[in-house]
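Have your viewer open and a selection tool ready. We will go from stop to stop, and at each one you will get something to select and a note on what is there.

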Amino acid sequence: MKLAAIAVALLLPLVAGATAAADDEFDFFYFVQQWPGSFCDTDRGCCFPDTGKPAAEFGIHGLWPNYAKCRPTADDGPEAAASIDMVVDDDGSHHHRRRQKCWPEYCNNSNNLHPWEIKDLIKDLDANWPTLSCKGGGGGSSMEFWAYEWKKHGTCSGLGQHDYFAAALDLKRRDGGLAGILAAAGIVPSEDERYLLSGIRGAIANATGAIPNLECNRDAFGETQLYQVYQCVSRDGRTLVDCLLPMSGKCSGTVKLPPF
Ligand code: AMP
């Protein structure tokens, strides 16, 4: 009995320490997928990776730990330097602004992505998480994009490198593909059609069982188009939940879904 009590006393701080480190970091994940047509038709354009033109399907952007409530940060000091420094209106009628940190990022800058850790996933990642960046002239490997996402967001996820990328791929597979979900609701890529934002959100909510957030951007002519779909995932990295946080998203009532 006495021995057991001593063992518990010795073990407790270890267990508590282990959970505290992961616990206070974030509340849920945003699983973010991107419509390549909307990435590519802006003023900046895009470049295809070394594996060629990606499929006309939403691609993964990232799996991002997020706080349920933004946290105020000091205006100076190391906290602020490490934070997003997002400026948010406290209240619509006031113009009092505060610096807020709404998600953790760069939780371990010495934790670089090791290609060999995700060796068995690379084919799957190339197909589902392609870079569209023109950095370095474009045409490069998507590995740089994955390494960036890992360093910025993955290191805060509490997951190891392999588990982090496998979790994102599993989430993407689960919904059978957002393009298919939208097509089944009559929402197909088009040069001139405009779709109700509520119709897009509803179609995804019906098919996945969870309400997503949507983000828009503008094409080269200034037209608003669906850019990214944010699905909310509980801390286990597996369970889809409703997105409850409002997001500005830069969308209007109707948006385009440009061909890719
Ligand atoms: P994040 O910092 O994780 O929010 O990601 C934003 C950064 O990712 C920006 O620099 C974007 O230009 C970049 N980005 C977004 N989509 C892609 C993509 N498909 N390929 C490469 N870079 C991207």
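Start by selecting Tyr-106, which sits in the loop between β5 and α4. Keep in mind that this is a predicted model. What is special about the phi of Tyr-106? Its value is positive, about 45 degrees, although Tyr-106 is not a glycine. Most residues other than glycine have a negative phi. Switch on the surface and you will find Tyr-106 partly exposed, at 34% relative accessibility.

Next, jump to Lys-250 in the loop between β9 (240-241) and β10. Lys-250 is not a glycine either, and its phi is also positive, near 55 degrees. Is Lys-250 buried or exposed? With a relative accessibility of 61%, Lys-250 counts as exposed.

**Back to the loop between β5 and α4**

Select His-114, another stop in the loop between β5 and α4. His-114 is partly exposed, with 28% relative accessible area. Now add His-162 and draw a distance between the two C-alpha atoms: your viewer should give 9.5 Å, for residues that are 48 apart in sequence.

Keep His-162 selected and add Lys-119, found in the loop that runs between β5 (97-101) and α4 (122-128). How far apart are the C-alpha atoms of Lys-119 and His-162? They are separated by 8.9 Å, with the two positions 43 residues apart along the chain. Lys-119 itself counts as exposed, at 63% relative accessibility.

**A pair of helices**

Now colour helix α5 (residues 143-152) and helix α6 (residues 161-174). Two packed helices are described by the angle between their axes and the distance between the axes. Here the axes come within 12 Å and cross at roughly 110 degrees. An angle from 65 to 115 degrees counts as roughly perpendicular, and α5 and α6 are therefore roughly perpendicular to each other.

Show side chains where the two helices meet. From α5, select Trp-146, Glu-149 and Trp-150; from α6, select Gln-161, Tyr-164 and Phe-165. Sorted by class, this contact has 4 nonpolar residues, 1 polar and 1 charged.

Stay on α5 and look at how it is covered. Of its 10 residues, 7 are buried, so to speak of α5 as mostly covered is fair. Which residues of α5 are buried? Select Met-143, Phe-145, Trp-146, Glu-149, Trp-150, Lys-151 and Lys-152. The list includes Glu-149, Lys-151 and Lys-152, which are charged residues by class. To see what lies over the buried residues of α5, turn on β2, α4 and α6, which are among the elements that cover them.

**Aromatic rings**

For the next stop, show every Phe, Tyr and Trp side chain. How many aromatic pairs does a search of the whole structure find? The search finds 10.

Zoom in on one of them, Tyr-30 with Tyr-230: the ring centres are 5.2 Å apart and the planes stand at 85 degrees, an edge-to-face arrangement. Tyr-30 belongs to strand β1 (residues 28-34) and Tyr-230 to strand β8 (residues 224-233), so this pair ties together parts of the chain that are 200 residues apart in sequence. Both partners are buried: Tyr-30 has 7% relative accessibility, and Tyr-230 has a relative accessible area of 8%.

Move on to Phe-48 and Phe-260, which also pair edge-to-face, at 5.9 Å centre to centre and 80 degrees between the planes. Phe-48 is in the loop between α2 (36-40) and β2 (59-66), while Phe-260 is in the segment after β10 (254-255), so many positions along that these distant parts are 212 residues apart. Phe-48 is partly exposed, at 34% relative accessible area.

Before leaving the rings, select Phe-28, Tyr-30, Trp-64 and Tyr-230 together: ring pairs link these residues into a cluster.

**Zooming out**

Finally, show the whole protein chain as a cartoon, with its 8 helices and 10 strands. Buried residues make up 41% of its 260 residues. Turn on the surface to view the roughly 13,700 Å² that the chain exposes, 57% of it supplied by carbon and sulfur atoms. As a last look, consider contacts between residues at least 6 apart in sequence: 72% of them join residues at least 24 apart.

Methods:
Residues numbered from 1 in each chain as written. Predicted model: local features only at pLDDT ≥ 70, side-chain atom pairs only at ≥ 80, totals over all residues. Heavy atoms only, no water. Axes fitted to C-alpha atoms, helices over the stretch in contact; angles between N-to-C directions. Helix = DSSP H or I, 4+ residues; strand = E, 2+ residues; numbered from the N terminus. Parallel < 35°, antiparallel > 145°, perpendicular 65-115°, else oblique. Contact = heavy atoms within 4.5 Å. Buried < 20%, exposed > 50% of the residue type's maximum accessible area, 1.4 Å probe, protein only. Areas by Shrake-Rupley, 256 points an atom, 1.4 Å probe, with all protein chains shown as cover. Phe/Tyr/Trp six-rings, centres within 6.5 Å; stacked < 30°, edge-to-face > 60°.
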